[in-house]
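Welcome! Let us take a friendly walk through this protein, one part at a time. Have the sequence and the model at hand as you read.

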Amino acid sequence: MKETINANIGGEVFTLDRDAYDRLTIYLNDLRRSISTDTDEVMSDIEIHLAEILREGLPSEMMVVTLAMAERAIARI
């Protein structure tokens, strides 16, 4: 049994398993550190795009985002 976490990504609420949440948190934190100007605006745009990609991969809003889904979304960005 895996722990799940509800998280707001780009203004949308997702349920993620712990591994996916940890991976996305690391990815977004690394991106934030690498951006030098307009950090908030750029991060907001990235999160909105990430949310769109994750939503595409969920056949139902009741499904949980897995690590594999998170990795595919990161690869697309």
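## Before we start

A residue is called buried when its relative accessible area is under 20%, and exposed when that value is over 50%. Please keep in mind that what you see is a predicted model.

## A buried aspartate at the start of a helix

Let us begin with D17, which sits in strand β2. Is D17 buried or exposed? Its relative accessibility is 6%, so D17 counts as buried.

D17 also caps the N-terminal end of helix α1, with a side-chain oxygen 3.2 Å from the backbone nitrogen of D19. The side chain of D17 reaches the backbone nitrogen of A20 as well, at 2.8 Å. Setting aside residues up to four places away in sequence, D17 touches K2, E3, T4, V64, V65, T66 and L67.

## The hairpin

Next, look at the two strands β1 and β2. They run antiparallel and are joined by six bridges. One pairing to look for is that of I9, whose bridge partner in β2 is E12. Together the strands make a hairpin with two residues between them, and in its turn G10 has a positive phi of about 60°.

Strand β1 has two faces: I5, A7 and I9 lie on the covered one, while T4, N6 and N8 lie on the uncovered one.

## Helix α1 and its buried side

Helix α1 takes in residues 18-34, 17 residues in all. From first C-alpha to last, α1 reaches 24 Å, close to the 24 Å expected at 1.5 Å a residue.

Which residues of α1 are buried? They are A20, L24, Y27, L28 and L31. These residues cover an arc of only 95° around the axis, which puts them on the same side of α1. Here is some helpful background: an α-helix has 3.6 residues a turn, so residues three or four places apart point the same way. The cover over the buried residues of α1 includes β1 (4-9), β2 (12-17), α2 (39-56) and α3 (67-76).

## The loop after α1

Now find D38 in the loop between α1 and α2. D38 has a positive phi of about 50°, although this residue is not a glycine. With a relative accessibility of 54%, D38 counts as exposed.

## Two sides of α3

Helix α3 has M69, A70, A73 and I74 as buried residues. Viewed down the helix axis, they fall within an arc of 135°, so they line one face of α3. The buried residues of α3 pack against α1 and α2. On the face turned away from this buried side you will find the exposed residues R72, A75 and R76.

## The nonpolar core

Finally, let us see what the elements share. The largest nonpolar core has 22 residues, and those with the most contacts inside it are I9, F14, L16, L24, L54 and V65. Which elements give two or more residues to this core? They are β1, β2, α1, α2 and α3. The largest share, six residues, comes from α2.

F14 is a good residue to zoom in on. Leaving aside neighbours within four places in sequence, F14 is in contact with I5, N6, A7, I9, A51, L54, R55, L58 and V65. Among these partners, I5, A7 and I9 belong to the covered face of β1.

Terms used:
Residues numbered from 1 in each chain as written. Predicted model: local features only at pLDDT ≥ 70, side-chain atom pairs only at ≥ 80, totals over all residues. Heavy atoms only, no water. Helix = DSSP H or I, 4+ residues; strand = E, 2+ residues; numbered from the N terminus. Expected span 1.5 Å × (residues − 1). Buried < 20%, exposed > 50% of the residue type's maximum accessible area, 1.4 Å probe, protein only. Arc of directions from axis to C-beta. Contact = heavy atoms within 4.5 Å. Polar contact = N/O pair within 3.5 Å; in protein donor to acceptor, adjacent residues only side chain to side chain. Core = buried A, V, L, I, M, F, W, Y, C linked by side-chain atoms within 4.5 Å. Pairing = 2+ DSSP bridges.
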